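Here are some short exercises to work through with a structure viewer open. Try each task yourself before reading its solution.

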Amino acid sequence: MLIRRRTMSTTLFVLHSPYRVRIVITAMSQVPQSETPISKTKYNDWNKSQLIEEIKRLHKRKRYGLVWEDKPEDVVERCKSELPVLHDVVTKAISSDADLPINLFIEGDNYHALSVLNYTHKGKIDVIYIDPPYNTGASDWKYNNDYVEAEDPWRHSKWLSMMSKRLRLAKNLLNKKGVLICAIDDYELNTLGLLLDELFPSYERSTIIVEHHPQGAGSITVSRTHEYAYVLTPKGIGIEGKVVSTGEDRWSLRRSGQGENNWRENRPNSFFAVLVDAAKGAVVGVGPEIPKEAKRYPMGKTPEGYLRIYPLDRHGKERVWRYNRASMQKLIKDSCIEYTVNGSLVVKKDSTTATPVFSVWKGSRYNAGVGGSNLLTQIMGAANTFPYPKSLHTVVDMLAMVLRHKKDAMVLDFFAGSGTTGHAVLELNREDDGGRRFILCTNNENGIASEVCYPRVAKVMQGYKDPDGKKVAGLGGNIKYFKTAFVGAEPNDKNKEMLTREATEMLCMREDTFDAVKETRLIKIFKGNKRHTGIVFAEDAIPALKKDIAKIGGKWSVYIFSLSDDTFDEEFEDMKKTVTVAPIPEAILRVYRRIFQK
Ligand SMILES: C[S@@+](CC[C@H](N)C(=O)[O-])C[C@H]1O[C@@H](n2cnc3c(N)ncnc32)[C@H](O)[C@@H]1O
């Protein structure tokens with residue numbers, strides 16, 4: 001049914017029957033100031049808050065964009081009576097290396113996962129990469145537990161309802177420079193484009209075409225070989241581009257110029273021996289620091305037989321290396337220092353250059369059959385564990401174009417499927433020794449979380465044998481696994497206490513402090529990321545926690561159970577330089593009130 005708005009005489013309505021999606025295009029200059037005309041004198045009588053309310057109302061009014069029937073969704077309705085929390089699935093945690101960051105895996109509906117993340121990760125995400133169900137009509141996703149079929153008259157409205165609710169929550173998680181990348185194909189390309197423009201008005205929307213299926217998908221009309229990715233970047237903020245190798249650069253390790261920086265007396269930290277295994281022609285390490293004032297230092301060979309090479313020029317003058325000891329050790333570890341046949345030392349590095357990101361991506365890297373399905377078969381040891389995984393390289397390149405030089409980035413995928421995005425983050429880290437982290441969220445439809453996504457990421461981290469029995473080395477990494485759970489939403493004392501007890505995982509996640517230091521009935525303490533988190537379940541226990549804080553020292557985030565919204569600042573006045581305090585569950589409830597009341 002077409003509903004014509006009274007004031008929109010110049011409005012063009014397009015009704016896509018039978019899908020019940022309307023695209024409303026209105027000439028902006030002809031939009032009246034209000035749907036119900038209000039006389040100027042009326043505005044004159046209004047106070048400030050009435051005017052603010054009126055502005056809000058006018059902003060909400062649809063002027064240009066997409067209109068669809070908002071079908072109630074069970075998982076969203078549930079949040080009116082219950083609030084999402086997380087339960088730690090301890091048995092699925094992976095800790096391979098304490099020096100590597102902790103990645104997060106959340107099993108559950110992504111509406112609930114994103115709600116939790118609105119408290120724990122607001123403004124912390126650098127890239128959101130998602131590959132939602134494409135709504136092909138081939139029962140590729142469920143709405144309220146039923147597959148959405150091609151004949152469903154609400155097919156597009158349901159998809160838009162589902163996507164808009166998740167994207168609205170996801171937007172809060174991006175940091176100021178954060179980028180959203182969304183894979184899509186022709187079924188919802190246009191509707192998604194309009195939806196994104198509405199939800200992300202201060203972002204630029206670009207489109208990349210990826211040739212992911214060069215054989216073409218069967219059709220009696222045009223056989224499709226491509227899909228798309230929308231890339232949303234904050235206006236005015238560019239992306240680095242695709243980094244390509246342009247060969248190898250080599251230069252002398254010893255400084256040779258006449259400027260001050262080239263001499264030992266001015267840069268004593270860059271004067272030390274580089275150790276060389278001459279028989280193997282390999283650079284093996286560095287000698288000890290040489291004090292500035294030392295006139296003599298060990299020359300010749302080390303007891304192990306390694307050559308000591310100092311940055312002395314051909315006149316025996318004391319120059320310096322280009323790097324200090326720590327940087328040199330890293331370069332040696334990365335095989336970037338070479339001992340040449342003429343006995344000199346050179347630095348060699350891959351030279352790279354950033355090319356623009358072109359809008360059409362073609363080539364075997366992006367073939368989803370090879371880099372997606374076949375790779376997944378190799379990892380899982382069985383074929384067809386998941387229908388359409390992305391090519392690993394597509395996702396690596398999508399992330400790299402934004403994050404190549406952001407080695408501590410946080411990536412989120414809330415339609416994780418077989419876990420390609422997690423794998424891509426680990427792969428990117430392998431390439432450049434990065435410490436990027438990921439958060440993967442997926443439901444467990446057909447065992448996708450427990451039988452595909454998690455095992456895949458675990459295998460990639462820990463290593464596995466391919467179907468031919470060949471060992472593939474693990475890329476390392478840590479994971480914490482959570483499942484969504486719920487507590488009553490009625491703000492009574494019992495529920496508030498319950499939410500506080502159930503909030504521990506959320507607080508650890510927010511603070512990135514997962515190692516338990518102390519767990520009693522009244523106090524919990526966790527550490528990680530060079531700080532501590534203290535949780536106090538009764539005000540009486542504040543003095544005891546303060547004693548622990550004084551003993552352990554360092555930076556702290558403290559959460560104190562309160563039935564009201566007391567801030568407890570006074571109790572921690574003497575520690576305010578190192579301790580931040582917040583009341584729970586109020587801090588969490590505030591976020592939930594905001595997101596669930598929209
Ligand atoms: C198209 S797949 C993603 C594939 C992924 N990019 C890959 O390479 O494997 C979408 C996934 O999202 C999951 N999904 C769909 N609706 C969801 C929801 N509401 N919450 C969580 N996951 C959902 C589906 O189970 C499916 O595995």
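**Exercise 1. The whole protein**

Of the contacts in the protein with a separation of 6 or more, what percentage comes from residues 24 or more positions apart?

Solution. Keep in mind that you are looking at a predicted model. Start by taking the contacts between residues with a separation of 6 or more; pairs 24 or more positions apart account for 70% of them. Next, set this beside the secondary structure, which consists of 15 helices and 29 strands. Then add the overall dimensions: the C-alpha trace spans about 90 × 75 × 60 Å along its principal axes.

**Exercise 2. Surface and charge**

Describe how the protein divides into buried residues and accessible surface, and how its charges are placed.

Solution. Begin with burial: of the 598 residues, 48% are buried. Move on to the accessible surface, about 30500 Å², where carbon and sulfur atoms contribute 50%. Finally, average the positions of the 89 positive charges and of the 75 negative ones; these two means lie 5 Å apart.

**Exercise 3. A sheet of three strands**

Which strands of the sheet β15-β14-β16 stand at its edges, and why does each have a side without a neighbour?

Solution. First read the order: β15-β14-β16 is an open sheet with antiparallel pairing. The edge strands are β15 (282-286) and β16 (307-309); each has a single partner strand, so one side of each lacks a neighbour in the sheet. From one strand to the next, the twist averages 35°. Now add the helix: α7 (residues 325-333) packs on this sheet and touches β14 and β15, with its direction at about 150° to that of β15. To finish, zoom in on one pairing. β14 (residues 274-277) joins β16 through three bridges, and Leu275 has Arg308 of β16 as its bridge partner.

**Exercise 4. A hairpin**

Which residue takes a positive phi in the hairpin of β8 and β9?

Solution. Locate β8 (residues 138-143) and β9 (residues 146-149), an antiparallel pair with three bridges. Within this pair, Ala138 stands opposite Glu149 of β9. Two residues lie between the strands, and in this hairpin Asn144 has a positive phi near 50°.

**Exercise 5. A helix and its surroundings**

Is helix α13 largely enclosed or largely open?

Solution. Use the cut-off for burial, under 20% relative accessible area. Seven of the eight residues of α13 (residues 504-511) are buried, so the helix is largely enclosed by the rest of the structure. Among the buried residues are Glu505, Met506, Cys508 and Glu511. Just after the helix, Asp512 takes a positive phi of about 60°.

Technical notes: Residues are numbered from 1 along each chain as its sequence is written. This is a predicted model: local features need pLDDT of at least 70, side-chain atom pairs count only at pLDDT 80 or more; totals for chains, interfaces and linings use all residues. Side-chain values use heavy atoms; hydrogens and water are left out. Helices (H or I, at least four residues) and strands (E, at least two) are DSSP runs, numbered from the N terminus. Buried means under 20% relative accessible area, exposed over 50%, partly exposed in between (1.4 Å probe, protein chains only). Contact means heavy atoms within 4.5 Å. Accessible areas come from the Shrake-Rupley method with a 1.4 Å probe; for residues, only the protein chains shown count as cover. Lys and Arg count as positive and Asp and Glu as negative; His and the chain ends are not counted. The place of a charge is taken as NZ of Lys, CZ of Arg, CG of Asp or CD of Glu. Two strands pair if DSSP finds at least two bridges between them. Axes are lines fitted to C-alpha atoms, for helices over the stretch in contact, and angles run from 0 to 180 degrees between N-to-C directions.
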